[in-house]
Amino acid sequence: MPQLIPTDLEAARIINAAGTLTRLSGAVVSERVAAAMAAAAQCSFDMWALQAAASQRIAAATGAEAGLVTTGAAAGLTLAAAAAIAGDDIARMQALPRSEGLANEILVPRTHRNGYDRALAAAGARLIDIGTADRQTDAGVRGLEDWEVETAITPATVAILGNASAATEADLPLLAAVAARHRLPLIVDAAAQLPPQANLTAPLAAGATLVVFSGGKAIGGPQASGLLAGRRDLIRSAALQMLDMDVPLRSFVPPAAFFGNHRPTALPRHGIGRGFKASKEAIVGLMVALDDFLARDEASAEADMRSRLERLKDRIAGPAGISIELISGRRPGALPRLAIDFAPAAAVGADDVCRALRRHSPPIHVGEGFVASGRLIIDLIATRPVDDEVLAVGLAAALTRVRNP
Ligand SMILES: *Cc1c(COP(=O)(O)O)cnc(C)c1O
């Protein structure tokens, strides 16, 4: 095997048993996706035509009218906000992210807010909090009600934002109904809601106007890729604000996937999305990954993951005070994971083990979300099966380190 990754860069390689975290480089693509990306890198494309072809596939996969490959779900949120503010108005596109004097408010339930929603603010949107978190803070029994959304709408409102997580998806039909009554787009963040495959179509079926997914998480696409899908005119606006538009109007052939019968009378200059352009490698790679994701037999993918985890569990079980169990994913249809729980009296603690794993060669990363309560999570979605053995040896050593130094 020739050394393809230069040695100094290869030195940063790790074994990622923590899931498709961005700081740990997201998904690991299949051979087929890697080969498609390498082939695309050696070709030239008309980027509008390439995105138009991708649009057809994204539309078929999500139930949307049109779609766009972005550099991630966060980029998709920025472009969705830019589309909601600007529509087909190129003077507004040109103004963004400055949005003084423009309708720029996006309503979001307090219980749907997360650290990624500033991606919408990056386009010039002002996020307006609505509702309360009474149920989540144990201060009351009522969730979001439609009057709370309804009464927050003003002439400055351009969209409503919702989150498709297991904790918040039940609000989506309510948000969709209010949005439809007021002819406002409902933007839904479904970045990490896959698998199951059914969640590709669920947000639009629930009434979302635009939805974003990460390409570099469970779909198994290039790390810096994502999908934006939804209403054709808004996808067109997003495309106009991301793609290189430095072309004379008379030579621009508007692809039907985005333009339908709409004929632009002028073209914007570089838009707000120009700094996060999706590459040809990302577009081709993500479309091949999406194809494979859709063709996957979910029951056997789940069974395969279960048996990898069982094998790993058998290899590392044993040390006193440490219990290991298979746990289900974050929502129905998500892949199982392994939880390693450390009793207070165990010879090693969860954080000792994390530190030891970091010193392993190559370093091993595991899920640390619950380390404070003595639990580590093993998620193999971004671990190549060929690395399972190295992971098992490294984990077993770290778990027994103190007893058998
Ligand atoms: C990961 C994530 C994002 C960002 O996705 P990228 O594809 O990394 O840009 C946005 N929202 C949620 C809920 C996420 O989990």
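## Exercises on a ligand pocket, a cavity and some backbone features

The second largest pocket of this predicted model has a lining of 45 residues, and those nearest its centre are T20, L21, A192, K217 and R330.

**Exercise 1. Describe the second largest pocket by its volume, its lining and its occupant.**

Begin with the volume: the second largest pocket holds about 1,200 Å³ of space. Next, sort the lining residues by class, which gives 19 nonpolar, 18 polar and eight charged residues. Then ask which element gives the largest share of this lining. That element is helix α4, residues 73-86, which contributes four residues. Finally, turn to the occupant: the space taken by the ligand is this second largest pocket.

**Exercise 2. List the residues around the ligand and find polar contacts that the ligand makes with A74, S214 and K217.**

The first step is to collect the residues that have a heavy atom within 4 Å of the ligand. They are T22, G72, A73, A74, N114, Y116, D189, A191, A192, S214 and K217. Sorted by class, this shell consists of five nonpolar, four polar and two charged residues.

The second step is to look for pairs of N or O atoms within 3.5 Å. In the case of A74, a polar backbone atom is 2.8 Å from an oxygen atom of the ligand. For S214, by contrast, the atom involved belongs to the side chain, and this polar atom lies 2.7 Å from a ligand oxygen atom. K217 also uses a polar side-chain atom, which lies 2.8 Å from an oxygen atom of the ligand.

The last step is to ask how much of the ligand the protein covers. On its own the ligand has 380 Å² of accessible area, and the protein covers 84% of it.

**Exercise 3. Find how many cavities of 30 Å³ or more the whole structure has, and describe the lining of the largest.**

A search of the whole structure finds one cavity of 30 Å³ or more, and the largest cavity contains about 60 Å³ of space. Its lining is formed by L77, V108, H112, N114, D117, L161, G162, N163 and D189. When these residues are divided by class, three are nonpolar, four are polar and two are charged. Strand β5, residues 157-163, gives the most to this lining, with three residues. A comparison with Exercise 2 can now be made, for N114 and D189 line the largest cavity and are also among the residues around the ligand.

**Exercise 4. Locate the cis peptide bonds at P195 and P196, and then place D138, a residue with a positive phi.**

Start with the bond that joins L194 and P195, which is cis, with an omega of about -15 degrees. The bond that joins P195 and P196 is cis as well, and here omega is about 10 degrees. To place them, note that P195 is in the loop between β6 (186-189) and α9 (202-205), and that P196 lies in the loop between β6 and α9 too.

For D138, the phi angle is positive, at about 65 degrees, although this residue is not a glycine. D138 belongs to the loop between β4 (126-130) and α7 (146-150).

Methods. Residues are numbered from 1 along each chain as its sequence is written. This is a predicted model: local features need pLDDT of at least 70, side-chain atom pairs count only at pLDDT 80 or more; totals for chains, interfaces and linings use all residues. Side-chain values use heavy atoms; hydrogens and water are left out. A polar contact is a pair of N or O atoms within 3.5 Å; within protein, one must be able to donate a hydrogen and the other to accept it, and residues adjacent in sequence count only if both atoms are side-chain atoms. Accessible areas come from the Shrake-Rupley method with a 1.4 Å probe; for residues, only the protein chains shown count as cover. On a 1 Å grid over the protein atoms alone, a cavity is a set of points where a 1.4 Å probe fits but cannot get out, and a pocket is an open set with protein on both sides within 12 Å along at least five of seven lines; lining residues have an atom within 4 Å of a point. A molecule sits in a cavity or pocket if more than half of its atoms lie within 2 Å of its grid points. Ala, Val, Leu, Ile, Met, Phe, Trp, Tyr, Cys and Pro count as nonpolar, Asp, Glu, Lys and Arg as charged, and the others, Gly among them, as polar. Grid points are joined across faces, edges and corners, and a volume is the space filled by probe spheres set on the points. Helices (H or I, at least four residues) and strands (E, at least two) are DSSP runs, numbered from the N terminus.
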